[in-house]
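Thanks for making the time this morning. I would like to walk you through one chain slowly, and I will put the sequence and the model up before I say anything about them.

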Amino acid sequence: METRRMPAKELEGIVGAEHVREAAPEDAVDGVQPSLVVEPGSVEEVGAVMRVAHREGLAVIVRGSGTKLGWGNPPAAADLILGTTRLDKVLEHAAGDLVLRVQAGVRLEELQKRLAGAGQMLAIDPPHPGATVGGIVAANASGPRRYKYGTIRDLIIGIKVVLADGTVARAGGKVVKNVAGYDLSKLFTGSLGTLGVIVEANFRLHPIPKVARTVAVELESPRAAREAAQAIMHSQVEATAVELRWSEEERLLSVLVESIPEGVEAKREAAAFLLRPFGEVRELSDEEAGVLEPVLQGDGGEVPVKISAPPAELGDVLEELFGAAGRRGVGVRVRGHAATGVTYAGLRGGEEEIAALVEELREIRARRGGSVVLLGGSPELKRRVDAWGPGGDYLGLARRVKEKFDPRGILGPGRFIGGI
């Protein structure tokens, strides 16, 4: 995409001069340097900014707090960063109906604190400190509690988006204008800002559980991890989360149970009984249990990878991962949602070796209906190995949807699957 004229003055007239600035080096997206950062303060301003970008053919990268800008492939171009953090209002909280309507720039931690006053929560816990609601939806990010409550795609019930040409579209609760034939809430969840700008979302909420306990078992092998997780899944324990931690320091499968005080002890005892055949069982303190450690962030120079497979194949996934890593001298730290088939691996090693490892795992997993996705890494690594991998049958559908919503290809060009 060729370099375009930067209409800075026009954008300043829309959002105010204090909300338009030249992009700094830290605003680069996978090594691609934008020209301007624009931060609209209303849906109307987002629409006006997108109309200018559409008219001028400017490549736009949508950014919340930036916690997941390393996801996806490097963009083919980046003229504008459109920041959503000024869209930070809770528009409606119908506590009696367990329904929430919120702007995209609200940070999840702040939202949860506000909802806690009513004894309620948005039942997601993705491990990205500072993440905004819009960014979580755009990435379909989730955490340990997805086992009980589902992902954000399961919790979202309405959405408002600004399309590439500045058109405002709505779906779900309180529909004013819809786009015929599309479930926008589900379609935009996980689209990584390549179909439009998420500006509002509606969610169903859940009551905060009264009491929580976490029991864990020390594991001897990948097979034991699989069997322990399956024992919990096929029981009546009704766990909230079943989490795996595997590194040089620990090999632990933990089970989070939540309930009223009268019921949680019975759940804890049942979970502990089911885990005993697989190793030493102990109860974790709240501090020990914590949340999923931030493998996704690539801390300490790690390259974060997400492996998706049926939960029953957890043992196979771990053996494949450790075998491929061992042959190439790549260090591995694993955190995963053992009962939902999502395994995160932090990889440490040379980029050539990591690229080869990813390709090997993809070849195995693709044959079995799974996937291996890079959630970080340098631009050089992503030139060696595509962040998404083969698109399969989904790629054709994704291309048709992109053509419908962004025919000029100005939103996050190249970042999504198949380079769309």
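Let me begin with a question: leaving aside its neighbours within four places in sequence, which residues is leucine 347 in contact with? Before answering, I should say that what you see is a predicted model. In that model, leucine 347 is in contact with Gly301, Glu302, Val303, Val305 and Leu321, and also with Val330, Gly331, Val332, Ile354 and Leu357, once neighbours within four places in sequence are set aside.

Leucine 347 also belongs to a wider group, since the largest nonpolar core has 96 residues, and Leu122, Phe203, Leu244, Leu253 and Leu347 are the ones that touch the most other members. The element that gives the most to this core is helix 11, residues 314-328, which contributes 6 residues. Apart from that core lies another one, made of 23 residues, and among them are Leu36, Val49, Val52 and Leu411.

Leu411 brings me to threonine 194, which sits in the loop between helix 7 (184-188) and strand 10 (197-204). Although it is in a loop, threonine 194 counts as buried, because its relative accessibility is 2%, under the 20% cut-off. Beyond four places in sequence, threonine 194 is in contact with Lys402, Asp406, Leu411, Gly412 and Phe416.

Next comes alanine 398, which is part of helix 14, residues 392-405. With a relative accessible area of 6%, alanine 398 is buried, and, not counting residues up to four places away in sequence, it touches Ile417 and Ile420. Alanine 398 and arginine 348 are 50 residues apart in sequence, and their C-alpha atoms are 32 Å apart in space.

Let me now step back to the chain as a whole. Its secondary structure comes to 14 helices and 19 strands, and along the principal axes the C-alpha trace spans about 65 × 55 × 40 Å. For 420 residues, a compact globule would have a radius of gyration near 22 Å, and the chain has 22 Å, so the two agree. Buried residues make up 56% of the 420, and of the contacts between residues at least 6 apart in sequence, 70% join residues at least 24 apart. The chain exposes about 17300 Å², with carbon and sulfur atoms supplying 49% of it. As for charge, there are 53 positive and 58 negative charges, and their mean positions are 5 Å apart.

I would like to finish with some individual residues, and for two of them some background helps. Most residues other than glycine have a negative phi. Leucine 98 is not a glycine, yet its phi is positive, at about 55 degrees. Leucine 98 lies in the loop between strand 5 (90-94) and strand 6 (99-103), and it counts as partly exposed because its relative accessibility is 27%.

Glutamate 238 also has a positive phi, of about 60 degrees, without being a glycine. Its place is the loop between helix 8 (222-233) and strand 13 (241-246), and at 59% relative accessibility glutamate 238 counts as exposed.

Is glutamate 352, the last residue on my list, buried or exposed? It counts as exposed, because its relative accessibility is 52%, and the cut-off is over 50%. Glutamate 352 lies in helix 12, residues 351-366, and from C-alpha to C-alpha it is 40 Å away from serine 285, with their positions 67 residues apart in sequence numbering.

Terms used: Residues numbered from 1 in each chain as written. Predicted model: local features only at pLDDT ≥ 70, side-chain atom pairs only at ≥ 80, totals over all residues. Heavy atoms only, no water. Helix = DSSP H or I, 4+ residues; strand = E, 2+ residues; numbered from the N terminus. Rg over C-alpha atoms; globule rule 2.2 N^0.38 Å. Buried < 20%, exposed > 50% of the residue type's maximum accessible area, 1.4 Å probe, protein only. Contact = heavy atoms within 4.5 Å. Areas by Shrake-Rupley, 256 points an atom, 1.4 Å probe, with all protein chains shown as cover. Lys, Arg positive; Asp, Glu negative; His and termini not counted. Charge placed at Lys NZ, Arg CZ, Asp CG, Glu CD. Core = buried A, V, L, I, M, F, W, Y, C linked by side-chain atoms within 4.5 Å.
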